[in-house]
Amino acid sequence: VASTMLPKWSRAVTQMYRAGTHRQAGIGREFYAFSSRSYAKVAAVEVPAVPVSSEKSYPSKSEVNLNKMFWSKPCSLALAPDSPLRIEEPKYEGIRRIVLKLLLFYSKQSKSLRGANVIYSRVISQVDKPAIYNVFSLEKTFKTTFSLLVLHMWLCLRRLKEEGKEVSELGQYVYEIYNHDLELRVSKAGVNLLLTRWMKDLEKIFYGNIVAYDNALLPEAKQDELQNVLWRNVFSDDGSSKPDEAALRTVQAIYSHEASGFYSKVCTVCHKALSRYIRREALCFSLTDKEAILSGNFSFTSLENPKT
């Protein structure tokens, strides 16, 4: 049920976002009307970083063969000791260290907070880059970005859970940082009225998706269950569980100007590739050592220059 709320929610947001700042009073009345009508269907909202236009922006034709991607053997995601992406704990000496110790800078809670910030920075680094939208042929909308945020948050929280209750506090901090970031993103998208209500709805969607992803990786889960969940949460506009012929025809029409027939089945190809990517990342996380996970010194598989 939670997964079907997002399309409705994101469509309701759009009218506000595209109306502009010159119609704030009218937007408030309009938005209230949407909530009273169970979120009337309107076009999907663009992510704030993308210029607003009357047309949807679709990714350029992919140069990679998705059918050959994400089959390689999983490996640790830990950053190399000499990686410029590493973020080390600051090492102070003398009086400065004594003062910081008195201020609880080195307490377990402070270390967890710093680690949580680094972990979440890895999430948004993967989700906010154009590469992930280009590789999987995703339109950059609020719905899509939110879905990818949840998906990568789940991968991180799932790995933290493997370490047991001792890191439960760290997981909670990561979630709180994510929630604060999400609230800022929602506000930037134009939702200033009934913000608390929409955040509660997004929270329900978050937990609903987490459960769905967990269940999809259970040994007894159907082989295509993860694919179907990803289709519903990331690719589908109406919350459908599986891609249908109408969806394929829509995508084919969108890319009919392309000389190649690659996009005629882009929906099914991309959501299957995303499924392989997620399964591989989950295994890679399990192979990543505890120190790298807790400190945030890991990196999701790069999609900048994907290899076939």
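A salt bridge is taken here as a side-chain nitrogen of Lys or Arg within 4 Å of a carboxyl oxygen of Asp or Glu. The structure is a predicted model, in which local features need pLDDT of at least 70 and side-chain atom pairs count only at pLDDT 80 or more, while totals for chains, interfaces and linings use all residues. Residues are numbered from 1 along each chain as its sequence is written, and side-chain values use heavy atoms, with hydrogens and water left out.

With that criterion, a search of the whole structure returns 10 salt bridges. One of them joins the side chains of Arg 114 and Glu 89, with an N to O distance of 2.8 Å. This pair links distant parts of the chain, since Arg 114 belongs to helix α4 (residues 108-128) and Glu 89 to the loop between α2 (24-36) and α3 (94-102), 25 residues apart. Helices, here and below, are DSSP runs of H or I with at least four residues (strands are runs of E with at least two), numbered from the N terminus. Glu 89 is partly exposed, at 34% relative accessibility; in this scheme buried means under 20% relative accessible area, exposed means over 50%, and partly exposed lies in between, with a 1.4 Å probe and protein chains only.

A salt bridge is also found between the side chains of Glu 88 and Arg 86, at 2.6 Å from N to O. Its two partners fall into separate accessibility classes: Glu 88 is partly exposed at 48%, whereas Arg 86 is buried at 19%.

Helix α6 makes a good next stop. It covers residues 142-161, 20 residues in total, and spans 28 Å from its first C-alpha to its last, close to the 28 Å expected at 1.5 Å a residue. The expected span is 1.5 Å times one less than the number of residues in the helix. Of the 20 residues of α6, 17 are buried, so the helix is largely enclosed by the rest of the structure. Cys 156 is buried at 4% relative accessibility, and Arg 159 is buried at 5%. The side chain of Arg 159 nevertheless forms a salt bridge with that of Glu 162, at 3.7 Å from N to O, and Glu 162 is partly exposed at 41%. Both residues belong to a network of salt bridges that links Arg 158, Arg 159, Glu 162 and Glu 163.

A nonpolar patch appears on the surface as well. Ile 95, Ile 98, Val 99, Leu 102 and Leu 103 together make a patch of about 550 Å². Patches are built from residues with over 30% relative accessible area and no salt bridge, joining like charges within 9 Å and nonpolar side chains (Val, Leu, Ile, Met, Phe, Trp, Tyr) within 5 Å. The areas come from the Shrake-Rupley method with a 1.4 Å probe, and for residues only the protein chains shown count as cover. Within this patch, Leu 103 sits in the loop between α3 and α4 and is exposed, with a relative accessible area of 62%.

Backbone torsions offer two further points of interest. Most residues other than glycine have a negative phi, and most peptide bonds are trans. Phe 70, which is not a glycine, has a positive phi near 65°. This residue lies in the loop between α2 and α3 and is buried at 13%. Ser 137, also not a glycine, shows a positive phi of about 50°. Ser 137 is located in the loop between α5 (130-135) and α6 and is buried at 14%.

Turning to the cysteines, a search of the whole structure finds zero disulfides, a disulfide being a pair of cysteine sulfur atoms within 2.5 Å. The cysteine sulfur closest to that of Cys 284 is in Cys 75, 4.8 Å away and therefore too far for a bond. Cys 284 is buried, at 0% relative accessibility.

Ser 275, in helix α11 (residues 266-287), is likewise buried, at 4%. With residues up to four places away in sequence not counted, Ser 275 touches Leu 226, Gln 227 and Leu 230, where contact means heavy atoms within 4.5 Å.

Finally, Asp 237 lies in the loop between α9 (225-235) and α10 (245-254) and is partly exposed at 47%. The C-alpha atoms of Asp 237 and Lys 143 are separated by 9.0 Å, although the two residues are 94 residues apart along the chain.
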